[in-house]
Amino acid sequence: MNVTVTQGDLAAQAADTLIVNLFEGAAKPGGAAAALDRALAGALRDLMAAGDLTGKLNTVVTVYPRGALAAQRVLVAGLGPAAGFTAEKARAAVATAIQKARDLGARRVATIAHGAGAGGLHPARAAQATVEGALLGLYQFEGRRTPDGNAVEALTVVEFDAEKLAAVAAGARAGQITAESANFARDLVNQPPNLCTPEYLAERSQAMAAEVGLDYRVLGPDEMRALGMGALLAVAQASVLPPRLIILEHRPAQAAERAPVVLVGKGVTFDSGGLSIKGAGDMPAMKADMGGAAAVIGALRAAALLNVPVPVVGLAPASENVIGSAGYRPADVLRAANGKTIEIISTDAEGRLLLADALVYASRFQPAAVIDLATLTGACSIALGRGMAAGLFDTDSALAERVREAAERSGERVWPMPLYPEYRDSLKSDVADMKNSAGDRYGGVGVSAAFLKEFAEGYPWAHLDIAPMAYLDSPKAPWPRGATGYGVRLLAELLLAWA
């Protein structure tokens, strides 16, 4: 979709649809809505008086100008109460409104930067939220389906005040980059697993890297064996599809000598559970078990296009976890790249094995910090609830605070979780340095983080269990069913603020 920013009067725009807003409880329209109300001879005030226009969050009212404006329709998006208004509410309101515009057949939409006035948001932040809400809300994964023909082709963000125009333009550009990068990640996750193989993930990463100016490398099984990555290789050995370790690097010229931030994402392109097999009803969503890798790849895309002021390395270990005669078994003992041995209790605790070797590999970059993202445990969804927040573990409080602040700015929520020493006690083994699972249902999210900590040595580390957030099994208005791209916007905010 073509996104532009212009200075002028919203009512004068050459668009078929205009979007304004209203706060719940407002006595009368304000700002651009007030100007349109005057042009419409008080139509918005009449709807408010009748109770048809309330301003409740995620409601949209359609008004037809009947020749009073060049536009065919005006949509009034409800923002909810002004108290407690956030950029995330602006994203949701815009997403709801532009979905309505699309369903009505709109092709060219003009909107204000929502929340920049009475909402109290900085104009850049309001414009970013507006564009993100539009692009995230309009996302549709077509896959192999025939497109339905409904598509908004152009979005214009209109700012009346010329002094605010530069800020609005900067915010809109950032919003377009982050949303398109999140949608790039969503496309990867939504692909069927017979197409999105480890090799496909590597090829898409390579093409994207060439497009935006990232350095790209990939390691195959031979390189992994040379590095002693016995944990990652064990997960992959049942599959006819060879694993890949995708390496993406953003090296800004102005900070080439600085220690990089390393992002690591779990990339299990399909997870059957291995011999510790999952239930049949749980398997279709297991194409999303590479949501962490997709988020890291999308975040590196955003880092390059935003030219974030810190070097960034993205590591995406990718493999299938399937059943085969060559597969690893419960009771096997593996050796990871740092020499630590692992007794396998469950082959369905495979993502932590990929991450273990990737976290060891991260140390060679002498990183300022390492952050991993993984759809790691169903236990995290039980603890926090689906679609509520990702679990945050850390070994460095300053890093955790950076992540928390970025989560607040991006609207991609995290919740701090404890990393008690007793979780590590649950992994004690009689035959190896540790087990890969405690073998029971209790404390699974903390135990998994304690396992990863064994391999995240020599640098500040944070772990995000994104299992509750990476994939929506059912629609959660205004966001459609399927991959969410969770983590891309959070990481972009983190990296932009790193300096």
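## A walk from the sheet edge to a buried glycine

Start by selecting strand 3 and strand 4 (residues 73-81): the two run antiparallel and are joined by four bridges. This is a predicted model, so keep that in mind as you click around. For one of the pairings, pick V61 and look across to strand 4, where its bridge partner is V76.

Now zoom out to the whole sheet. It is open, has six strands in the order 1-6-5-2-4-3, and its pairing is mixed. Which strands stand at the edges? Colour strand 1 (2-7) and strand 3 (60-63): each has a single partner strand, so one side of each has no neighbour in the sheet. Neighbouring strands here are turned against each other by 25° on average, ignoring direction.

Next, bring in the helices. Select helix 1 (residues 31-39), which packs on the sheet and touches strand 2 (17-24) and strand 4. The direction of helix 1 makes about 115° with that of strand 2. Then add helix 2 (residues 43-50), lying across strand 2, strand 3 and strand 4. Against strand 3, helix 2 runs at about 135°.

Last stop: jump along the chain to helix 9 (residues 291-306) and pick G298. Is G298 buried or exposed? Buried: its relative accessible area is 0%, and the cut-off for that word is under 20%. Show what surrounds G298: setting aside neighbours within four places in sequence, G298 is in contact with S181 and V488. Finally, draw a distance between the C-alpha atoms of G298 and A182; they are 5.9 Å apart, although 116 residues separate the two along the chain.

Definitions and conventions. Residues numbered from 1 in each chain as written. Predicted model: local features only at pLDDT ≥ 70, side-chain atom pairs only at ≥ 80, totals over all residues. Heavy atoms only, no water. Pairing = 2+ DSSP bridges. Axes fitted to C-alpha atoms, helices over the stretch in contact; angles between N-to-C directions. Contact = heavy atoms within 4.5 Å. Buried < 20%, exposed > 50% of the residue type's maximum accessible area, 1.4 Å probe, protein only.
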